[in-house]
Amino acid sequence: MVPRHRLAPRHALRGAIQPVTLAVIGIVAALAVAAWFLIVQPYLAATATPNAASSVASRPASARETPPANVDSLSLDQLLSEARAAMNEQRLVAPKGNNAFEFYMKVLEKQPGNPVAADALRETFSYGAAAAEQTINQRDFNEAQREIDLLAKADPENYTLTILRSKLDAQRKTLDREQQQAVDAQKAQQMAQQTAAAAAKQQAAEQAAEAQRQQASREQAARVAQQSTQAPKTPVAATPRPAAPDNDQITDAVLVNQVKPRYPTAALRANQEGWVDVELTVGTDGAVSNVNVVDSQPRHVFDRAAIDAVSKWEFKPAMRNGEPMTVNLRRRLQFNLGR
């Protein structure tokens, strides 16, 4: 058995150590709580959403478009709070003035080397780059350039910036080429339409001219046919006289100026001969009118030449009781090569 005089010092020693231990434990606990609230919790909150940030390139942001008023007057805690809210809402680099990167960089402006802001920018840089790449793919080039410049402020030496700038330049060139191709295609279409319209207009004009020629030809044929059938054939030698009472004194019209017909060139070349019987009217002034072909041989070869010549003839008008009168006459014009 342990002597009783040895147990007493041990109890006294235990009573002296216990308050010191409790004090040390309390101090450590207080430091741990302070470290949790001041360092660990802000850092975990800043980096707690990598999975949400990793999907920024595939999901549209449900972001607030209106930035907080007077950002420069916000405290560090307020800036960090705004940055965390922007991270949760996937506002990494957009919209302008209301995104996590700008809030964290504002924190670094006020407190260079702030570990929470520096670590958050480093951890989320790749996600911000993915968001900028999505903006490039959407061909919002001005916004993409702003986002790339913002990333460059956060980490100017990061090789991802070179890739983003190259892709932005390539997309701009592609868009310029597509726009130029669209302009060229539009010009080619307009040129084709103008060419087709001009061809259609020319074709319509040619068709109209051809229709006019055909109409004139039909009208000429109708006139010739009408002239050839106006009066029945009668002996050419018979010269009609106007009916008059036995006591009237009538004299015939006398030809005073005869114009010889022109021999048609085609008939001359073909060695053709023939004749044309015409009917004409001699007015009271001796002028000739209403010249019509009654018969001809061969038909239609010498008709025009005969009509042109007879129309120029001049007569001394027929007289009845000393007064000039109108009479109808018939004449035969011979077309012979020997004359």
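Buried means under 20% relative accessible area, exposed over 50%, and partly exposed in between, using a 1.4 Å probe and protein chains only. Keep that scale handy as we look at some charged pairs.

The model is predicted, so local features need pLDDT of at least 70 and side-chain atom pairs count only at pLDDT 80 or more, while totals for chains, interfaces and linings use all residues. Residues are numbered from 1 along each chain as its sequence is written, and side-chain values use heavy atoms, leaving out hydrogens and water.

Side chains of opposite charge can pair when their charged atoms come close. A salt bridge here is a side-chain nitrogen of Lys or Arg within 4 Å of a carboxyl oxygen of Asp or Glu, and the count comes to 14 salt bridges. Here are some of them:

| Acidic partner (relative accessible area) | Basic partner (relative accessible area) | N to O distance |
|---|---|---|
| Glu-178 (37%) | Arg-139 (29%) | 2.7 Å |
| Glu-279 (22%) | Arg-330 (16%) | 3.3 Å |
| Asp-295 (16%) | Arg-299 (43%) | 3.9 Å |

Asp-295 counts as buried, whereas Arg-299 is partly exposed. Salt bridges with shared partners also join Asp-72, Lys-106 and Glu-109 into one network.

What does the bridge between Glu-178 and Arg-139 tie together? Glu-178 lies in helix H7 (residues 160-229) and Arg-139 in the loop between helices H5 (115-137) and H6 (141-154), so the pair ties together parts 39 residues apart in sequence. Helices (H or I, at least four residues) and strands (E, at least two) are DSSP runs, numbered from the N terminus.
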